[in-house]
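Let us read this structure slowly, beginning with a single element and working outwards to the chain as a whole. Please keep the sequence and the picture side by side as you follow the text.

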Amino acid sequence: MTSIRHRGIKVIIDTTEVAELEIAGYQITDADLDLITKNLTQSTFSPRDRVVGPVRIRLLKGYDVMFLVGREGANVVITIGSIRPPDPNEPTEDALKRLGILATLRGASGI
């Protein structure tokens, strides 16, 4: 008998309306989006992630993918709050810090 309470917890990906608009605006293909979500579900937490408060940023398929990780019942839910091309003149983590955590959470939750 093991001390693990739940085994095989499913990881689910959600997106906000903002992220959906960005996906359409940047014309991210379904194939690239599948690779992005596959990476997030297979490596929920990566040492490559840049972390600003509760927001994680991962460079995937040429885009900075900003996401939150949480629980919903017996599932882990990764919510993609925003996707943007990296900008060396304004790194994503600097933009998030400037906006503040409240604005970040508001945008990531779609409020």
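Helix H3, which covers residues 92-99, has four residues to look for on its inner side, because Thr92, Glu93, Ala95 and Leu96 are the ones that count as buried, with under 20% relative accessible area. If you look down the axis of H3, these buried residues fall within an arc of 160°, and therefore they line one face of the helix. The face of H3 that is turned away from this buried side carries Lys97 and Arg98, both of which are exposed. Just after H3 comes Gly100, which takes a positive phi of about 90°. Keep in mind throughout that this is a predicted model.

A second helix can be read in the same way. In helix H1, made up of residues 17-25, the buried residues are Ala19, Glu22 and Ile23. Around the axis of H1 they cover an arc of only 100°, which means that they sit on the same side of the helix. Turned away from that buried side is a face with the exposed residues Glu17, Leu21, Ala24 and Gly25. What covers the buried residues of H1? The cover includes strand E1 (11-15), helix H2 (30-42) and strand E5 (75-84). After H1 follows Gln27, and the phi of Gln27 is positive, near 55°.

With these helices in place, we can turn to the protein chain as a whole, which has four helices and five strands. Starting from the N terminus, its elements follow one another in the order β-α-α-β-β-β-β-α-α. The radius of gyration of the protein chain is 15 Å, close to the 13 Å that the globule rule gives for 111 residues, so the chain is as compact as a globular protein of that length. Along its principal axes, the C-alpha trace spans about 55 × 30 × 30 Å.

How much of the protein chain counts as buried? Of its 111 residues, 35% do. Among the contacts between residues at least 6 apart in sequence, 52% join residues that are at least 24 apart.

Finally, consider the outside of the protein chain, which exposes about 7000 Å², with carbon and sulfur atoms supplying 54% of that area. The chain also has 14 positive and 14 negative side chains, and the centres of these two sets lie 9 Å apart.

Technical notes: Residues are numbered from 1 along each chain as its sequence is written. This is a predicted model: local features need pLDDT of at least 70, side-chain atom pairs count only at pLDDT 80 or more; totals for chains, interfaces and linings use all residues. Side-chain values use heavy atoms; hydrogens and water are left out. Helices (H or I, at least four residues) and strands (E, at least two) are DSSP runs, numbered from the N terminus. The radius of gyration is taken over C-alpha atoms; the globule rule is 2.2 Å times the number of residues to the power 0.38. Buried means under 20% relative accessible area, exposed over 50%, partly exposed in between (1.4 Å probe, protein chains only). Contact means heavy atoms within 4.5 Å. Accessible areas come from the Shrake-Rupley method with a 1.4 Å probe; for residues, only the protein chains shown count as cover. Lys and Arg count as positive and Asp and Glu as negative; His and the chain ends are not counted. The place of a charge is taken as NZ of Lys, CZ of Arg, CG of Asp or CD of Glu. The arc is that of the directions from the helix axis to the C-beta atoms.
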